[in-house]
Structures are given as C-alpha cells and as structure tokens.
Amino acid sequence: MSEAPRERLQASQTERNSSEKVPRPVATSAGAAANAAALSKIGEQAFQRGELVNSELAALTYGALVRQLVLDYAHPQQVNEQLDRIGYNIGLRLVDDFLARSAAPPCRSFAASAEIIARVAFRMYLGVNAKVAHIASDGSEYSILFDSNPLAEFAELPEPMKGSLWYSNVICGVIRGALEMVQYSVQARFERDILRGDDCNEIRVSLVRELEERVPTDNEI
Amino acid sequence: MPIYLVFVVNRSGGLIYHAQFHGAQVHPLNECLRLASTLHGIQQISRQVSPVENADDIGLVGLEARTFRLRVYQPPTGVQFVVLATPDMPDEVLLGILRRLHLLYADYALKNPFYVQDMPIRCRLFDIHFAKLMKPHIVGPLE
Amino acid sequence: MNAPGITLPVPLLQVRRPQSIHFSIYALLFAEVISYFQNRVRSITELEERLLDLGQEIGRRVLELVWLREKFSRREIELLGALRFTTTSVWRFLFGKVADSLERVKDKENEYIIVENSPLFTRYISVPLDLADLNCNAIVGGIIREVLCASGFPCHVDAHNAPHDDETEYPPRTLFSIRFLPESNHNL
C-alpha cells in the first residue's frame, strides 16, 4: 500500500484543477492570543477525552522502528526520507481521526492551520504544548516550536549521525500528509532538534500550493 | 422511523461501503454505484454554485421528499457519509449517526494496516461496529 | 547527552511523570510498522518473525524500565515469579491493566499460557481472510519473550488467535504460549 495513496492523490489533484495561489496575509487581530488559549483548551480536552497509552511505550516502539530503518538503509538521509514517508501515510489517515474527535474549528486558511496543529493536534496526540512562530509576512510559511518530545524521550544520537539524522522526522510527514488531505500541499522539515543540541524543536511548514480553488473568506478579501 | 440505506462515498465519487435495510426498495449494486457517483456530482455542483462566501460549510447537506429524507455529512477530507431514512427521522439524529459513522471509518478502516484508503471497506470490525450503530434504527437487515 | 561522564538522569529512574500519548497516533504508528514489514516479507510467518524481533528490541528496554521503577530492590529468580511480574507489572506498563489469566499447560512441565481477552495493539485491525492466521500481537510476544529471556529464563513465545466462547465475538482473544527451554529450570 506504500505508493498507492500518493498516486491516487495526484490523480485527484489534476481533476480538481489545482491552482497556484499566493495566500493573503493573515489578519493580525488582538484576539489572536485569546484564540490560541481557546484552541489550547480544545486540545487539552480532546487529550483528556481520548484513550491514552504510556508515552514511554510509544518512545520505545518508535525507537525500535528508527533502529530498524537505520539497519535497513545505509544513509541517515534515506532514513529521514523513510520516516517522512511513514509519517505521510499516518497523516493521510490521522486527519479523519482529528476531524471526528478533536472538536477543533474548521481550518479556513493555510495560516489558520498553524495554530490548530500547534495548539490542538500536538496537545491532543502527543500531550505536548507547542506554539507557532516565525510566520512569513505573506502567510505562506510558519514554524511550530515545542520543547518536550515524547518520541525522543530516551534517544541520544550517535556522533556520526548528529549532523544528518532527524530522529523525529515522522512528525514532518504526519503534518504533510494531514494538510494534503484538507487541500494544502506543503513541505515540512525540521530546522532545529534538541537531540542535536539545539535549544528547542522547530518544524518549518511551507505552503506549496492549495489543491482546490476556494472561495475567499471575509478576512482574506 | 427506520433507516433504509447507508452509503460511504470516497472523495472521487466511488462507493466504498453500503448497506440496505428492510422496508426499502432494493437497489442492485450497480445502481448503488451509480447513485453514489451521481450524489458526488451533485455535491460538487452545489459547492460550485454556492453564492455564500464561506469556505467550509457549503455543499449539499440533505434532500427532502414526501417519502424519505436523505442526509449527507462530508468532513473536509472529502469522504461522504450518506443516510436515507423515513421523513420523520429528526435531522440531529441522522447527523449524529453519520458523525459516529465517520468515527468508525477513522478507527476500523483507516487504522487497519490492511485497508487501502479510498478502496471498498472490507473490514470485519467495521461491519461489527456498523451493525451495532444501526441496530436501534432499522427494522431488519436485508443483506 | 553532552558530557561523556556518568550523569544518570535521576528523573528518568525515580520520578515518574505520568505521561501519555493518544492511542489513535499509536495505533496508526503500529499500522505503519506492519505495512513497512509487509512490503518486505514473502509470508505470514516471516511477517510475524519481523514483528517478534521488533518486539524483542522493545522488550529488553521495557524490562529495564519497569524493573527500575517497580522492583528496584528485588530480582525475580523463580520462573513463576518472573511470569507473574510479566502479567502484572509489565502488562500494566504496556496496556494499563493486568493480563486476563496465566495458566500452566496440562501435563507440560515448562509450558505456560498468558490469556489476553481484548488485545490493545490490534483493537482496530481486521485481518483479511487470505492472511487469517496472522496475529499482529506477535510484537507483544516478542516483548514477553525478551522480558523473560533477559530475566534469565530463555523461552519461545507464540501468539495465537483463540475464539471467545461466543464465537461471533471479534476480535478473538490472544493466547501467548510460552515454552521455556530446559536451562530455565535453574535454582539459584
């Protein structure tokens, strides 16, 4: 099943007359902070409502998967790609779970997806607090910052991989897959990782294009 | 006030799950496939002609007739959940059923590694939970 | 992480911050693990072996963690004690509950069965008919095996499907049959 979803998705993109579109800047309202707080609450509630598993079991399972990939692929770069692909497949399926379980408000624009991913999805699925930063002036890029990362709980990168392996790259794939299912084709990549000695984890998300012609909302006009 | 028929239609208009219950005119599979794809077409058209500038809540939500009520629920991923019931069935009950169905789809289809996205749902656990969900609302299974 | 000397992270060993992640994301991760292996094997047996191997990698670390947290002072030297440790402490770590039962196989000195009525890992997984014998709980079998082996009780573990009394109930129960090797019968 590995390649099939991607092919089908591309087929459906062409049907939809995908359009290159420059997103308009987000309205910077004073209510942004209040909005973030409300979203955090939604995320926390969804987390509490959900069925939970021991995060250490998840860390060990994920660690065993990464170890397997390191054995199966010669170069850390290939491991990064595989992790991204695994995450992409997860994201394609996770998004329906998110829509059915989270009670998050609908995502009216690409820029709005930032807070929803950071405040609701990270909290709900990983139990961590994340925030949005470094939003590009045209709203087409943003960063998600988070300090604690349950996947990397017990991990330590061996010297030879410190500059090449992005241990938690699966998260980038999840974001890419999930956003693609709601019509935003994006790139997502790690910029900083605490495992590499950085002071926080940072994932950069950039819009490639919107997959469906959408009616602009009042804020965007 | 029973439910006659349930469809799950994928984002390309393909029928991936269907169930028909007693009391309804029985549609052969081919006809179901055609109905699903027609419904998908109407959904697309209704989105295009929508005069209201609201990007998420446009599109077909239902059809009412003297003899039946059709309710559609389409999350932003494009998959459609459709139910056909007697006209006295309250809208919030039908919507509730469709939202539960979405959750079953997210759990018992999408979290099954042997299920391929957008393909017909042939998962035993999905069938079992679907039957539980429908039980209070049907007269008796037809198939 | 930075200093090469011995700096044991104390919180890791003693302070248990109860942390959790959502089961949905774990279930999808597990589904992708299965798909990853499925694309690289030729038979059900091989797929189960890969899952078992992966489980062993996890199991070795589970034993250390659970032991450090719960039993710091004692080590199980009795076979039955090690089994009970598995069905209680280890089970709680994995599934948040204890195993449904632990039985000795009749007329067999070295064989035991752990019964799990509602296996968590496979909650959402319907195995297609052409793979009917597959039990994805092989990964849990691997965890159990390594927990026991690393405790000094070498054994083989198989995961089987076993129907409920009411056969229409699905998914079936999972039986983990554990066969200890002769060298497990040591009296220290």
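This passage describes strand pairing and a buried helix in chain A, the fold of chain B, and the contact between chains B and C.

The model is predicted; local features require pLDDT of at least 70 and side-chain atom pairs pLDDT 80 or more, while totals for chains, interfaces and linings use all residues. Residues are numbered from 1 along each chain as its sequence is written, and chains are lettered from A and ligands numbered from 1 in the order in which they are written.

Helices (H or I, at least four residues) and strands (E, at least two) are DSSP runs, numbered from the N terminus. Strands count as paired if DSSP finds at least two bridges between them. In chain A, β2(A) pairs with β3(A) in the antiparallel sense, over 4 bridges. Here K131(A) stands opposite L145(A) of β3(A). Strand β3 of chain A covers residues 141–146 and pairs with β5(A), residues 201–210, again antiparallel, through 6 bridges. Within that pairing, E141(A) has S206(A) as its bridge partner. Strand β4 of chain A, residues 184–192, also runs antiparallel to β5(A), joined by 8 bridges. There F190(A) is partnered by I203(A).

In a regular strand, side chains alternate between the two faces of the sheet. Strand β2 of chain A, residues 130–133, follows this alternation. A130(A) and V132(A) point to one face and are buried; K131(A) and A133(A) point to the other and are not. A buried residue has 20 or more other C-beta atoms within 10 Å of its own, an exposed one 12 or fewer, and a partly exposed one a count in between, with C-beta atoms placed from the backbone.

Helix α6 of chain A spans residues 170–181. Its end C-alpha atoms lie 17 Å apart, which agrees with the 16 Å expected for 12 residues (1.5 Å times one less than the number of residues). Of its 12 residues, 12 are buried, so α6(A) is largely enclosed by the rest of the structure. Among them are R176(A) and E180(A). Just after the helix, Q183(A) takes a positive phi of about 80 degrees.

Chain B contains 3 helices and 5 strands. Their order from the N terminus is β-β-α-β-β-β-α-α. The radius of gyration of chain B is 15 Å, close to the 15 Å that the globule rule gives for 143 residues, so the chain is as compact as a globular protein of that length. The radius is taken over C-alpha atoms, and the rule is 2.2 Å times the number of residues to the power 0.38. Buried residues make up 40% of chain B.

The contact between chains takes 12 residues from chain C and 11 residues from chain B (C-beta atoms, placed from the backbone, within 7 Å).

Note on methods
Two residues are in contact if their C-beta atoms, placed from the backbone, lie within 7 Å.
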